[in-house]
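Morning, everyone. Let me put the model up, and then we'll walk through it piece by piece.

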Amino acid sequence: MASRSRKGGDNDSHITHVQIDGLAMMKIIKHCHQDASTPADDAQGVLLGLIMENKLEVTNCFPFPRSIDGVDDDRYQLDMMRLLRPVNVDYLSVGWYQSASSGNYISRQLLESQQQYQESIEESFVIIYDPVKTAAGALSLKAYRLTKQAMELVKDKGYFNFDMLRNLKVGHENMFQELKVVIRNSHLVNALLSELSEVFPETLNLEAMDLGTAPVLQRHLRSIMDCTDEMSQFHQFQKQTVKQQLEKTRYQQRRNVENAARKARGEPPLPDEDFNFKPIQPPRDLEPGVIVGGQMAIYCQQINNFCSQALAKLFLVDSLHQNSPQRPLGQ
Amino acid sequence: MSRFFDAGSDSDSESTQSDEPERFQQPKLTAAAFAFSDDEEETKRVVRSAKEKRYEELKTYVRNIKNFRKNRDIGSLLTNFEDLWKAFTKAQTVIQKEESGQVPRFYVRCMAEGEDFINSVWEDRNARKNLSKVQSKSLATLRQKLRKYNREEKMAAEIAKFRENPDLPDSDEEEKRAEDSDDSDSEDDGASDAEVAPSTGTSKEPSRSREMSKTKDESDSDSDDIDWGSDSDESDYSDDDQDQYPSMRDYFLKNAARGKKGNDRREMIELLHELLTIAEQHNMTPGMIVKIKFGLTAAIFDYNLAIRYAMKPDLWEKVNQRVEDLLDQLLTTPDVIVGENILEENESLEEPPYRVRGCILSVVERLDDEFVKILKNCDAHSNEYFESTGMVRLIDKAVQLLESRLPKADDAVVELCTTPHEMCRGYLKQVEHIYYKVDKRIFQQAEGEVPADEPTSEQEVDRRCKYIYSNDSTAVLRTRAILYHIYHHALHDHWYEARDLMLMSHLQTNIQNADPVTKIHYNRMMVQLGLCAFRNSQIREAHNALLDIQSSPRVKELLAQGSSQRRDDLTQEQEELNKLREMPYHMHINLELLECVYLVSAMLIEVPYMAAHEFDARRRLISKSFHYQLRNSALKYDLLGPPELMREHVVAASKAMRRGDWRACRDFVIDKTMNAKVWDRFYNGDQPRADKVRAMLTRKIQEETLRTYLFTYSNVYDSVSMVTMSELFELSVGDVHSIVSKMIINAELMASLDEPSQTVVMHRTEPSRLQSMALQLADKLANFVENNERLLEMKQGRDMYYGRGGGGRGFGDRPPFPRGDRVGGGQGGYGRGGGGGGAWGNRRDNRGPPRDQRGPRR
């Protein structure tokens with residue numbers, strides 16, 4: 001893996017899209033849905049596959065066990081890969097996947113683990129699968145990798161300070177690079193499917209026609225509100241910092257004036273020691289600035305998408321119900 | 001009898017001297033009678049040698065002290081002084097006998113010089129510095145001790161006398177003393193008489209040593225009395241007559257010595273008992289007897305020194321009898337005037353009208369206090385704990401007495417009659433014993449079962465309180481009277497009277513400044529008022545009255561019904577004080593009942609409110625503790641079983657109400673356990689009346705659940721039939737109509753009534769959940785943006801002002817969240833949305849549905 005060449009560029013990778021096997025995808029979906037019943041933490045697993053020129057092929061995957069005491073995660077991973085090798089499965093890890101309901105996936109943990117992956121395997125990426133959205137009728141599968149700046153940012157353990165953010169010119173909008181996901185089935189599978197479609201009559205997929213907009217929107221709104229609250233905390237911090245800065249400058253000026261006076265009198269100047277201003281602890285490593293911002297952006301985007309879809313659907317229904325009594329929808 | 005008093009000019013010493021031979025002739029009786037007897041007899045037997053021995057001892061010490069003084073050996077000086085004091089106390093008896101209490105001059109000289117010496121050493125700082133550590137330490141101790149010793153009255157007097165002419169030689173003091181002894185003694189006694197007379201209870205002047213000497217003296221004469229009392233044969237009679245005078249005197253002296261150390265309290269009681277028998281046997285004047293009885297009760301009260309401990313019940317019983325006796329006598333003999341304001345000199349004990357100093361009210365009050373303490377001390381569930389009616393009877397008698405002495409129009413000497421203040425105190429005491437008791441007749445009277453003119457406790461309380469209102473000059477008594485009065489009203493469901501009295505008194509404005517006991521009574525009154533309001537279906541009032549008490553975790557302490565938990569912030573003293581203030585068990589208010597009533601009223605108010613303001617970001621909590629209970633039950637258990645505790649019942653009921661299920665709610669609030677725990681306790685378990693409360697409660701639950709139902713589910717209805725609702729909630733259509741109308745008038749429900757079809761037509765102008773959330777979000781974002789801009793201004797302002805470019809930490813030159821393409825949609829949209837939201841919010845009351853602005857189009 002280490003021998004793979006690396007071409008720089010704006011997107012600092014030659015990988016343009018992710019190709020995922022039907023099997024791997026089904027496994028991810030199965031795992032995520034099984035784990036969705038326990039909301040404690042998200043389902044996670046390892047993606048196995050190959051790198052082919054400018055695409056990443058995911059041919060298989062396996063889940064991480066729920067953290068059980070005494071089981072070493074790394075060990076388990078290695079063991080799994082070693083055992084998969086004899087059965088002729090691609091055993092190279094190309095990334096990992098995680099479930100996330102309604103887009104609440106941007107977190108520090110995600111950043112850190114992705115950074116670790118990308119550190120060791122340059123091309124690795126993370127697939128985010130959203131079971132809630134899928135249940136509503138649209139398969140939601142997204143592949144992300146960190147950008148170069150984000151890598152720099154996360155690599156440094158003292159990251160998320162203002163200077164770094166400024167130097168790297170990183171914001172939530174350019175932390176992730178999204179990759180196109182292509183689902184591919186082998187010919188054998190295609191053949192099987194077409195055979196099956198003859199056996200089973202095609203069922204109507206009506207989930208996509210769900211008109212219940214309110215719950216989804218409500219959920220998103222609530223999440224945004226929570227984010228806003230966190231942002232306000234961040235504000236609070238900023239305000240305090242500015243105040244302290246002001247105070248510091250004022251103090252310094254006074255000291256300067258005094259020192260000048262002392263100089264004029266021929267006395268030694270007062271030491272320029274610290275003015276016992278404690279730096280104010282930023283709230284949780286400035287997460288609000290970057291992570292929460294990114295999270296909010298994702299929510300907004302999702303609402304946008306959702307609304308455009310829902311609106312279309314509603315218009316559709318409206319034309320169908322031309323004669324029915326007036327009644328607002330979505331309540 | 002008056003001849004005893006004529007003989008008053010005789011000196012004490014003479015009489016005792018005359019007694020002395022007699023006393024030695026009957027040694028048998030002294031055996032068990034007093035504590036000092038052994039010692040005394042011994043000293044008597046070896047009288048001369050003992051004197052010499054003691055004096056010898058004292059003198060050696062004095063000599064030693066002189067020597068050490070010269071050597072400046074402070075350590076030895078200290079030990080010597082201590083020994084000397086010990087020796088002196090031992091020698092007291094001898095000195096007493098020999099010199100009749102006069103302290104030997106050499107001793108006084110030693111003390112005075114010692115003090116001078118110590119002071120001089122103390123003053124001399126240089127010398128003090130040179131002393132060793134041990135030395136300087138003992139110097140300090142000695143200085144302190146000596147000072148203390150010399151400052152005692154007796155010594156101080158002696159030293160002062162000594163200092164007047166310090167040069168008299170010690171050697172001839174003995175002779176001098178011998179000459180002096182007689183008249184100095186009589187002088188002394190005269191002084192003591194003068195001293196004792198004006199202030200019986202308060203005089204604290206007599207020094208300890210003198211007091212001791214007196215005690216000694218008395219115990220001697222005491223023995224005579226006892227002896228005399230036990231074998232009261234006729235032959236002794238003449239002798240006794242003479243003896244009685246000193247015993248009377250002793251009484252006064254005793255009284256003067258009251259409350260001081262070294263005074264045998266038990267002995268005192270014995271003595272007074274004896275005196276009483278004597279007095280009665282000799283048909284002394286009622287004045288005299290009353291005086292002695294006063295003394296006797298006081299003595300028994302004094303027997304128990306520590307205030308915080310209760311008297312022994314048998315002892316109390318004894319005082320109780322005594323006081324009753326005294327009261328009876330006072331009632332039967334109207335020519336005895338008792339008063340606090342009669343000075344000791346003005347007492348006339350021998351001829352009518354008798355005047356005796358003493359306050360019967362104080363005695364009764366004290367007795368009552370002791371009674372309460374006894375009650376608090378014993379187990380409330382045992383058989384001992386019964387409320388004796390004796391106390392009430394006693395108080396009634398005392399008040400009767402006071403009433404009989406009320407000033408009449410033709411009375412010339414007003415100051416000897418009962419003052420209004422005393423009367424108020426008496427009445428208050430009476431009320432104190434009535435106010436917390438439920439008088440069933442009052443209820444029956446209200447229902448017409450008992451004729452209206454039958455006297456009830458209410459009239460009694462009323463009459464007395466009104467007297468206090470009009471006659472009391474101190475605010476304290478009046479405040480208490482009002483509190484009791486309100487309590488009594490509230491107890492008997494006279495809600496409006498109680499409330500009006502409460503409001504008129506303006507108690508709540510200045511109760512902060514009251515003393516703790518009054519505050520406790522205020523709390524009790526408030527609580528009782530709340531309960532009364534609840535029974536009278538004034539739920540909101542009940543909630544308000546109980547809110548303050550229930551929102552603190554220290555309900556028990558506030559009502560003085562024991563401390564809720566150990567509190568570390570209290571000192572020992574405060575804790576004891578709290579203990580003292582506690583109410584006896586029979587006056588307790590049931591705390592569970594209290595809490596339940598509070599929670600149920602909170603539920604009836606809060607649940608509809610919660611339903612109405614579900615999405616309101618700024619909704620406030622009406623009752624914090626109710627919310628606490630709700631949250632608690634949700635957090636504590638993963639699985640909710642059927643409720644067991646009272647609180648769980650209320651929580652379960654609230655949830656049922658929230659769902660709009662009034663039957664379940666009722667069944668939770670009123671079921672077997674709750675009945676046993678709470679509802680049956682109303683009216684002391686008077687079932688028919690408690691049932692009325694239950695019926696009221698059911699009705700309230702129906703109403704409030706209907707309201708909750710309408711709030712919660714109005715958005716799923718286009719219209720609701722009132723008939724259906726009345727069936728659903730088992731209310732009459734008229735009631736439903738009135739409730740719905742009220743909600744519409746208060747703008748709580750956006751609907752209108754359609755009379756012909758008996759339906760409520762919803763206007764659907766309430767924002768949907770989504771809409772209200774969007775509004776909230778808009779609010780939040782507006783705030784956020786505003787803050788952000790202010791922050792930016794601050795930074796830029798700073799930068800401009802100080803002329804420092806880019807001084808910030810990187811946010812100055814770049815807005816933290818660029819309005820880029822992705823976020824732009826959201827943020828740009830906000831401006832319109834916010835504006836629309838505001839306009840929309842204003843139009844809330846309009847009936848036209850401004851639906852177009854928000855939410856998806858159909």
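**A patch, two buried residues and a helix**

Start with Val189(A). Val189(A) is partly exposed, because its relative accessible area is 33%, and partly exposed covers the range from 20% to 50%. Keep in mind that this is a predicted model. Where does Val189(A) sit? It lies in helix 7 of chain A, residues 187–199.

What surface feature does Val189(A) help to make? A nonpolar patch of about 680 Å². Its other members are Leu188(A), Leu192(A), Leu193(A), Leu196(A), Val199(A) and Phe200(A).

Now chain A as a whole. It has nine helices and seven strands. There are 331 residues, and 42% of them count as buried. Take the contacts in chain A with a sequence separation of 6 or more: 75% of those are between residues 24 or more positions apart. The accessible surface of chain A is about 19200 Å². Carbon and sulfur atoms account for 53% of that surface.

On to chain B. Here we have 37 helices and five strands. Chain B runs to 858 residues, with 47% buried. For contacts between residues at least 6 apart in sequence, 68% join residues at least 24 apart. The exposed area of chain B is about 44000 Å², and 50% of it comes from carbon and sulfur atoms.

Let's go inside chain B. Ser601(B) is in helix 28, which covers residues 591–612. Buried or exposed? Ser601(B) is buried, because its relative accessibility is 0% and the cut-off for buried is under 20%. What does the side chain of Ser601(B) reach? The backbone oxygen of Val597(B), at 2.4 Å. Then there are the contacts beyond four places in sequence. For Ser601(B), those are Phe534(B), Ile539(B), Ala542(B) and His543(B).

Next stop, His627(B). This residue belongs to helix 29 of chain B, residues 624–636. His627(B) has a relative accessible area of 10%, so it counts as buried. Which residues touch it, once neighbours within four places are set aside? Glu606(B), Met610(B) and Leu621(B). With Glu606(B) there is a specific link: the side chains of His627(B) and Glu606(B) share a polar contact of 3.2 Å. One more pair to look at is His627(B) and Val651(B). They are 24 residues apart in sequence, and their C-alpha atoms are 9.4 Å apart.

Last item: helix 35 of chain B. It covers residues 733–745, 13 in total. Does the length add up, or what should we expect? At 1.5 Å a residue, the helix should span 18 Å, and its end C-alpha atoms are 18 Å apart, so the two agree.

Which residues of helix 35 are buried? Val736(B), Ile739(B), Val740(B), Ser741(B), Met743(B) and Ile744(B). And what covers them? The cover includes two helices of chain B, helix 33 (687–713) and helix 34 (722–729). It also includes strand 4 (751–754) and strand 5 (759–762) of chain B.

Look just past the end of helix 35. Ala747(B) follows the helix, and its phi is positive, near 60°.

To recap the stops. On chain A, Val189(A) is part of the nonpolar patch. In chain B, Ser601(B) is buried, and so is His627(B), at 10%. Helix 35 of chain B has the span its residue count predicts. That's my tour.

Conventions: Residues are numbered from 1 along each chain as its sequence is written. Chains are lettered from A and ligands numbered from 1 in the order in which they are written. This is a predicted model: local features need pLDDT of at least 70, side-chain atom pairs count only at pLDDT 80 or more; totals for chains, interfaces and linings use all residues. Side-chain values use heavy atoms; hydrogens and water are left out. Helices (H or I, at least four residues) and strands (E, at least two) are DSSP runs, numbered from the N terminus. The expected span of a helix is 1.5 Å times one less than its number of residues. Buried means under 20% relative accessible area, exposed over 50%, partly exposed in between (1.4 Å probe, protein chains only). Contact means heavy atoms within 4.5 Å. Patches are made of residues with over 30% relative accessible area and no salt bridge: like charges are joined within 9 Å, nonpolar side chains (Val, Leu, Ile, Met, Phe, Trp, Tyr) within 5 Å. Accessible areas come from the Shrake-Rupley method with a 1.4 Å probe; for residues, only the protein chains shown count as cover. A salt bridge is a side-chain nitrogen of Lys or Arg within 4 Å of a carboxyl oxygen of Asp or Glu. A polar contact is a pair of N or O atoms within 3.5 Å; within protein, one must be able to donate a hydrogen and the other to accept it, and residues adjacent in sequence count only if both atoms are side-chain atoms.
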